[in-house]
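The following exercises treat the contact between two chains and the charged pairs within them. Each task is followed by a solution in steps.

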Protein chains: 2
Amino acid sequence: MTYCVGLLLDVGLVLLSDTRTNAGLDNIATYRKMYTFEEPGERVIAIMTAGSLSVTQTTLSRLQDAIDIPDGPSIMTVDTMLEVAEMVGAMLSDVSGKIAGRMGEQASAARASMILAGQRRGGEPRLFLIYPEGNFIEATSDTPFLQIGEHKYGKPILDRVVTPETTLEDAKKAVLLSMDSTLRSNLSVGMPLDLCVIPSGEQRISERVRIDAEDETFQAMSVAWSNALRRGFQEIEI
Amino acid sequence: MTYCVGLLLDVGLVLLSDTRTNAGLDNIATYRKMYTFEEPGERVIAIMTAGSLSVTQTTLSRLQDAIDIPDGPSIMTVDTMLEVAEMVGAMLSDVSGKIAGRMGEQASAARASMILAGQRRGGEPRLFLIYPEGNFIEATSDTPFLQIGEHKYGKPILDRVVTPETTLEDAKKAVLLSMDSTLRSNLSVGMPLDLCVIPSGEQRISERVRIDAEDETFQAMSVAWSNALRRGFQEIEI
């Protein structure tokens, strides 16, 4: 399983993913689920993945191959973020369809979804959720966050605190607390975490960190949140 | 959809269910999902249901019919709560199987699960989750709560505050806040709510209330919890 969340704010994009993959409960591994592509000042793209690892890795490899071909069309050269979303969706659908075709009754396992975030020079920051079939939806000011994977445990905190006006600091806190709730409730979502911040209008990544299980700041935040919840709980009267 | 939760505490059993049922998103109705059976001082049983309404209503009707037959075996006459669980499980599985047999490809819709709580004189309070096939699991001090239906949104608060030592007042607060998070995130779970409290060793229901959408105490609690979460969020430093 997986949990990835992306926020689309007035001040930029904030993304967080876990790294746990499993083929059955007895085969657990750590794989990066966040991929970034950056030409500072010109274009920045981040992709987070959930679902079949063979599908997502192959899709990302092909997207990278296209970038490596000089003068060819790729997610770093097409005109708009919408075209980037269409290119990623088409590639995901194509890879998934080919693998599914060889899997017979297991075809439904060859599915994956992605969150695509980015900004090109001259455009706005945009955030998409790409479905296994390649179609997609886009975050708006009404719903400024998108999630893939195990999304339910971490949604209540986002519903309550995230708006387009949220600051980058509060946004980082919100996605980390959303992940904290998910980590506590679902063993198939696991540390370390990958966090990425893309400020509006700069077409670059301002912060890209891996947070491991021993990270003292994350641990302290997790404890503080638990304490705040318990204190808030005790203060409520019925 | 549905959300029902039951807590097994040293001081007793606390149960909460919603009342929303739907056959498609455009066909929504209110149905009771909590049924209670009481012979004060001797035996008290509460059953909460999730899944196919035709399966759960027929199962409950048959359990009631058995009670109404003088001197026949029923959930009010068998020796232990374990036997009650076996009787409810067998009835659920039987009704579900018969309906599924007539539904062809739609057979998977004829499924339901239940939470069974109760105490007989001379026994301990017990809490069971009964699966569609009639088998069941039981709450223990390690895991003092059971949920059916849309369980994920409301689990983080239970994980953090519920232990066997929780008081009845705190337990009511915990299940109501757990429901509040679920109501906010899933439209197919809806007011009014049914709350039931069964104190240990008394074999009776001490509190049985319906909480409707206009209930001022519940509304105030919901607002206070939102405020506590936002305040806690603001106080955390990263």
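**Exercise 1. Determine how many salt bridges cross the interface of chain A and chain B.**

Solution. Step 1: apply the rule, by which a salt bridge is a side-chain nitrogen of Lys or Arg within 4 Å of a carboxyl oxygen of Asp or Glu. Across the interface of chain A and chain B, this rule finds six salt bridges.

Step 2: consider the basis of the count. The model is predicted, so local features need pLDDT of at least 70 and side-chain atom pairs count only at pLDDT 80 or more, whereas totals for chains, interfaces and linings use all residues. Residues are numbered from 1 along each chain as its sequence is written, chains are lettered from A and ligands numbered from 1 in the order in which they are written, and side-chain values use heavy atoms, with hydrogens and water left out.

Step 3: examine one pair. A:E235 forms a salt bridge with B:R231, and their closest N and O atoms are 3.1 Å apart.

Step 4: identify the elements. On the side of chain A that touches chain B, α3 (155-161), α4 (168-185) and α5 (216-235) of chain A each supply at least two residues. Helices here are DSSP runs of H or I with at least four residues, strands are runs of E with at least two, and both are numbered from the N terminus. The most is given by α5(A), with 13 residues.

**Exercise 2. State which area chain A and chain B bury between them, and which residues supply it.**

Solution. Step 1: count the residues in contact, meaning heavy atoms within 4.5 Å. Chain A contributes 35 residues and chain B contributes 35 residues.

Step 2: take the buried area, which is the accessible area (1.4 Å probe) that two parts lose on being put together, summed over both. The two chains bury about 3,300 Å², 63% of it on carbon and sulfur atoms. A:R160, A:F233 and A:I238 supply 27% of the area that chain A buries against chain B, more than any other three residues.

**Exercise 3. Establish how chain A and chain B are related in space.**

Solution. Step 1: superpose the copies by least squares on the C-alpha atoms of residues with pLDDT of at least 70 in both. A rotation of 180° with 0.0 Å of shift along its axis places chain A on chain B, with an RMSD of 0.0 Å.

Step 2: interpret the rotation. The two copies are thus related as by a two-fold rotation axis. The same surface serves both copies, since 100% of the contact residues of chain A recur in chain B.

Step 3: locate the axis. A:Y153 comes closest to it among the residues of chain A, with its C-alpha at 2.6 Å.

**Exercise 4. Compare where the partners lie in the salt bridges A:R121 with A:E42 and A:K98 with A:D94.**

Solution. Step 1: the side chains of A:R121 and A:E42 meet at 2.8 Å, N to O. A:R121 lies in the loop between β7 (112-120) and β8 (126-130) of chain A and A:E42 in the loop between β5 (34-39) and β6 (43-51), so the pair ties together parts 79 residues apart in sequence.

Step 2: the side chains of A:K98 and A:D94 meet at 3.4 Å, N to O. Both residues lie in helix α2 (residues 81-101) of chain A, four residues apart, about one turn of the helix.
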